Amino acid sequence: MARERENPKPQQQQSPSSSYTVEELVAVNPYNPDILPDLENYVNEQVSSQTYSLNANLCLLRLYQFEPERMSTQIVSRILVKALMAMPAPDFSLCLFLIPERVQMEEPFKTLIVLSHYLETTRFRQFWDEAAKNRSVVEVVPGFEQAIQAYAIHVLSLTYQKVPRPVLAEAINVEGLSLDKFLEHQVTNCGWVLEKSQGRGQLVVLPRNEFNQPELKKSSADSIPLEHITRIFPILG
């Protein structure tokens, strides 16, 4: 998922930081606890506006390390959900590194770590099942489902030229008429092609790329990283 870097609106006049954007506050004085409320408000703004700033969120998590009594479970949870939405970028791990282990063992962080593990190992069915049990955690952030679907498609495109319809349906958690509409949109706008195959049902032909079409590789430097290969094994199994 592409990460957007947008500056927030200026704070109200009462705030001592009203003349600065949050990104500027982070750049100028990232260890000042006085900016903590601004950073928390910015997390909520990222949620409502569907924007994203990893730097600001990491800065807030660092401040929580120095001011643990001020840590907001809700804010940290939203930061981690946004980080999941940024996969395959390693944002979730970067954020988790700044959260104490004792806190990680509490909910909802424990559940979010499980969800992250399912995504990293491409166990999409388990991921969607677990996410469905924790809608109050993940669905509070708009765009979550779409971001994970985009990640799932990215993973499939690393190894498949043609994806069996059931495999795609499981990976993106869409079936029936909803899947028909999704495929129709992808065919029209993203260059997907649908094929019928004897005994295998419908096949989805993904756009060619350097991973699913080896001849498109420019050099040996473009080889698939080992982490991508290991992520694909559960799907093939």
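Reader: What makes strand S2 and S3 a pair?

Author: Strands are DSSP runs of E with at least two residues, as helices are runs of H or I with at least four, both numbered from the N terminus. Two strands pair if DSSP finds at least two bridges between them. Strand S2 (residues 193-197) and S3 are joined in the antiparallel sense over five bridges, so the criterion of at least two bridges is met. Within this pairing, Val 193 stands opposite Val 205 in S3. The model is a predicted one, in which local features need pLDDT of at least 70 and side-chain atom pairs count only at pLDDT 80 or more, while totals for chains, interfaces and linings use all residues. Residues are numbered from 1 along each chain as its sequence is written, and side-chain values use heavy atoms, with hydrogens and water left out.

Reader: How do you know that strand S1 pairs with strand S3?

Author: Strand S1 (residues 162-164) and strand S3 (residues 201-205) share three bridges in the antiparallel sense, so they too satisfy the rule of at least two. Here Lys 162 stands opposite Val 205 in S3.

Reader: Why is Ser 116 called buried?

Author: Buried means under 20% relative accessible area, exposed over 50%, and partly exposed in between, with a 1.4 Å probe and protein chains only. Ser 116 has a relative accessible area of 4%, and is therefore buried. Ser 116 lies in helix H7 and touches Leu 84 and Phe 92, not counting residues up to four places away in sequence; contact means heavy atoms within 4.5 Å.

Reader: How do you know that the length of helix H7 is close to the expected one?

Author: The expected span is 1.5 Å times one less than the number of residues. H7 (residues 109-120) has 12 residues and reaches 16 Å from its first C-alpha to its last, close to the 16 Å expected. Helix H7 is followed by Thr 122, whose phi is positive, near 55 degrees.

Reader: What makes H10 a mostly covered helix?

Author: In H10, 10 of its 14 residues are buried, among them Phe 144, Ala 147, Gln 149 and Tyr 151. Helix H10 (144-157) is also included in what covers the buried residues of H7.

Reader: What is meant by the largest nonpolar core, and which residues have the most contacts inside it?

Author: A nonpolar core is a set of buried Ala, Val, Leu, Ile, Met, Phe, Trp, Tyr and Cys residues joined through side-chain atoms within 4.5 Å. The largest has 67 residues, and those with the most contacts inside it are Leu 39, Leu 112, Phe 127 and Leu 168. Residues touched by Leu 112 include Leu 80, Val 81 and Val 137.

Reader: Why is the pair of Tyr 31 and Phe 66 called an aromatic pair?

Author: Rings of Phe, Tyr and Trp (its six-membered ring) pair if their centres lie within 6.5 Å; planes under 30 degrees apart count as stacked, over 60 as edge-to-face and the rest as tilted. By this rule the count comes to five aromatic pairs. Tyr 31 and Phe 66 are 6.3 Å apart centre to centre, with 70 degrees between the planes, and form an edge-to-face pair. Tyr 31 is exposed, with a relative accessible area of 53%, and Phe 66 is exposed at 57%.

Reader: How many disulfides are there?

Author: A disulfide is a pair of cysteine sulfur atoms within 2.5 Å, and by this rule the count comes to zero. Cys 59 is buried, with a relative accessible area of 0%, whereas Cys 190 is partly exposed at 37%.
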